[in-house]
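Student: Could you take me through one part of this protein slowly? I'd like to see how the pieces fit together, and I'm new to this.

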Amino acid sequence: MGLGKSTLCRFLGEKYGIPILHFDTVHFLPNWKVRAGNEKEKIVRDFLDENENWCIDGNYSKIFFDERMEKTDFILVMLFNRFNLLWRVWKRYKKYKGQTRPDMTVGCDEKLDFEFIRWVLFVGDRPFFRQLTA
């Protein structure tokens, strides 16, 4: 959501030579179609089983959340106010408009529509933070 999670994850993966997983590539199929839940779980399960050390970017709390929290050594929570996030999303949109970002499923060209703006400003990551602090 414009926080810089993917950029940081790529940096850490390169710096430490560890595999990375962008949850947006797990969640979305080309043309912004949502992948079936069992397929998402298989991708994440395979990734966790195949890798002892890793960096995962994203906050999809329904996919092996407890196991990921148990196995992780470090959790970085990035908090920005919603208007700052919207500004960052706008800058990302301008940079990648009509293209697929490096951390996104091929065929999901960058877009900025009312639905996403509403999500950034009013919905966001609340379920993740509720689960993380419970």
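Tutor: Let's start with the cysteine pair, then visit the core, the loops and a pair of packed helices. Keep in mind that this is a predicted model, so every value here is computed from it.

Which residue has the closest cysteine sulfur to that of Cys 55? That would be Cys 9, and the two sulfurs are 3.1 Å apart. You might expect a bond there, but a search of the whole structure turns up 0 disulfides. Cys 9 is in no disulfide, with the sulfur of Cys 55 being the nearest cysteine sulfur to its own. Why no bond for Cys 55? Because 3.1 Å is too far for one; a pair of cysteine sulfurs has to be within 2.5 Å to count. Are these cysteines buried or exposed? Cys 9 has a relative accessibility of 1%, so Cys 9 counts as buried. Cys 55 is buried too, with a relative accessible area of 12%.

Now for the residues on either side of Cys 55 in the numbering. Trp 54 and Ile 56 both belong to the largest nonpolar core, which has 9 residues. The other members are Leu 21, Phe 23, Val 26, Val 44, Phe 47, Leu 48 and Ile 63. Helix 2 (23–27) and helix 3 (37–50) each give at least two residues to this core. Helix 3 has the largest share, with 3 residues. Pick out Val 26 and look at what surrounds it: leaving aside residues up to four places away in sequence, Val 26 touches Leu 21, Arg 35, Lys 40, Ile 43 and Val 44. Two of those, Leu 21 and Val 44, are core members themselves.

Next, find the loop between strand 2 (28–29) and strand 3 (33–34), where Asn 31 sits. Trp 32 is in the loop between strand 2 and strand 3 as well. Asn 31 has a phi near 65°, which is a positive value in a residue other than glycine. Trp 32 also has a phi near 65°, again positive and again not in a glycine. How open are they to the outside? Asn 31 is exposed, with a relative accessible area of 57%, whereas Trp 32 is partly exposed at 22%.

Further along, there's the loop between helix 4 (65–71) and helix 5, and Phe 80 has its place there. Phe 80 counts as partly exposed, at 34% relative accessibility. Setting aside residues up to four places away in sequence, Phe 80 touches Leu 3, Leu 85 and Arg 88. Leu 76 lies in the loop between helix 4 and helix 5 too, and Leu 76 is partly exposed, with a relative accessible area of 47%. The C-alpha atoms of Leu 76 and Leu 12 are 12 Å apart, though 64 residues separate them along the chain.

Leu 85 leads us to the last stop, where helix 5 (residues 82–96) packs with helix 6 (residues 114–123). The angle is about 155°, and the axes are 9 Å apart. That angle makes helix 5 roughly antiparallel to helix 6, because angles over 145 degrees count that way. Helix 5 passes helix 6 in a right-handed crossing. On the helix 5 side, the contact includes Phe 83, Leu 85, Leu 86 and Val 89; on the helix 6 side, Phe 116, Ile 117 and Trp 119 are among the residues involved.

Methods:
Residues numbered from 1 in each chain as written. Predicted model: local features only at pLDDT ≥ 70, side-chain atom pairs only at ≥ 80, totals over all residues. Heavy atoms only, no water. Core = buried A, V, L, I, M, F, W, Y, C linked by side-chain atoms within 4.5 Å. Buried < 20%, exposed > 50% of the residue type's maximum accessible area, 1.4 Å probe, protein only. Helix = DSSP H or I, 4+ residues; strand = E, 2+ residues; numbered from the N terminus. Contact = heavy atoms within 4.5 Å. Axes fitted to C-alpha atoms, helices over the stretch in contact; angles between N-to-C directions. Parallel < 35°, antiparallel > 145°, perpendicular 65-115°, else oblique. Left-handed = near helix turned anticlockwise from the far one by under 90°.
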